[in-house]
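Take a moment to turn the model around on your screen. We will begin with one residue and then widen the view, step by step.

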Amino acid sequence: MGDHKEQPLRVGAAVRRRRRALELTLAVVAERSGLSVPFLSQIENDRARPSTGSLEKVADALRTTAVELLAAADPACSVDVVRAEQADPEYAPQVRSLVRGHHQMHASEFTGDHDAGREFQYRNDQLMYVADGAVEIEAEGRAYRLGRGDTLYLTGGVRHRWRATVSDTRVVVVAVAEHIEAVQDRPRR
């Protein structure tokens, strides 16, 4: 249901990210995989779709698996609409993903309250936006009260927990996906 259509995955960006993370040149990957530099360049730029065998050779050269490369691949579509669904008034709290698939960012909408004792710590940065209601957030030993329209930005690695202080609270959380190395690990104080 919805406007999203399944699209083929673009594995090129995943191959490039992995190669660069290992600080390898295309020539080194070509030597390790037995594939040509021009072909690897075409794969990375999504101008060629590798066969299963070629993808496995690339994965071996990058010290990973074809499954991992496919899991980190970007979907070919660039637009996806997620429609609002009618909420069941008898059921709260709930969480709804606002972005489908394996992307470089995640967004979720939390309605109602949730386990206020649960502590979160994400690898990458995130933004919390209070669409309706109010919340209390404890982050790094400090308490913050946010109302409708307020936002809180948390850098990667910040431990935090939150709770709704008003019924029917809606909080939107947007974060850089965990599989992305958007920030270098920060030393803990």
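D150 is partly exposed, because its relative accessibility is 34%, and the label covers values from 20% to 50%. Keep in mind that you are looking at a predicted model. To find D150, follow the chain to the loop that links β7 (142-147) with β8 (151-154).

What is D150 in contact with, leaving aside its neighbours within four places in sequence? The list is M128, Y129, V130 and R145. There is also a polar link to look for: a polar atom of the D150 side chain sits 2.7 Å from the backbone nitrogen of G147. For a sense of distance, try V135, which is 15 residues from D150 in sequence, with 9.8 Å between their C-alpha atoms.

Now let's move to one of those contacts, Y129. You will find Y129 in strand β5, which spans residues 126-132. Y129 is partly exposed as well, since its relative accessible area is 33%. Together with L127 and Y153, Y129 makes up a nonpolar patch on the surface. The accessible area of these three residues together is about 280 Å².

Finally, zoom out to the whole chain. Five helices and ten strands run through it. Of its 189 residues, 35% count as buried. The chain has an accessible surface of about 12,100 Å², and carbon and sulfur atoms account for 48% of that. How do contacts reach along the sequence? Taking those between residues at least 6 apart, 66% join residues at least 24 apart in sequence.

Technical notes: Residues are numbered from 1 along each chain as its sequence is written. This is a predicted model: local features need pLDDT of at least 70, side-chain atom pairs count only at pLDDT 80 or more; totals for chains, interfaces and linings use all residues. Side-chain values use heavy atoms; hydrogens and water are left out. Helices (H or I, at least four residues) and strands (E, at least two) are DSSP runs, numbered from the N terminus. Buried means under 20% relative accessible area, exposed over 50%, partly exposed in between (1.4 Å probe, protein chains only). Contact means heavy atoms within 4.5 Å. Accessible areas come from the Shrake-Rupley method with a 1.4 Å probe; for residues, only the protein chains shown count as cover. Patches are made of residues with over 30% relative accessible area and no salt bridge: like charges are joined within 9 Å, nonpolar side chains (Val, Leu, Ile, Met, Phe, Trp, Tyr) within 5 Å. A salt bridge is a side-chain nitrogen of Lys or Arg within 4 Å of a carboxyl oxygen of Asp or Glu. A polar contact is a pair of N or O atoms within 3.5 Å; within protein, one must be able to donate a hydrogen and the other to accept it, and residues adjacent in sequence count only if both atoms are side-chain atoms.
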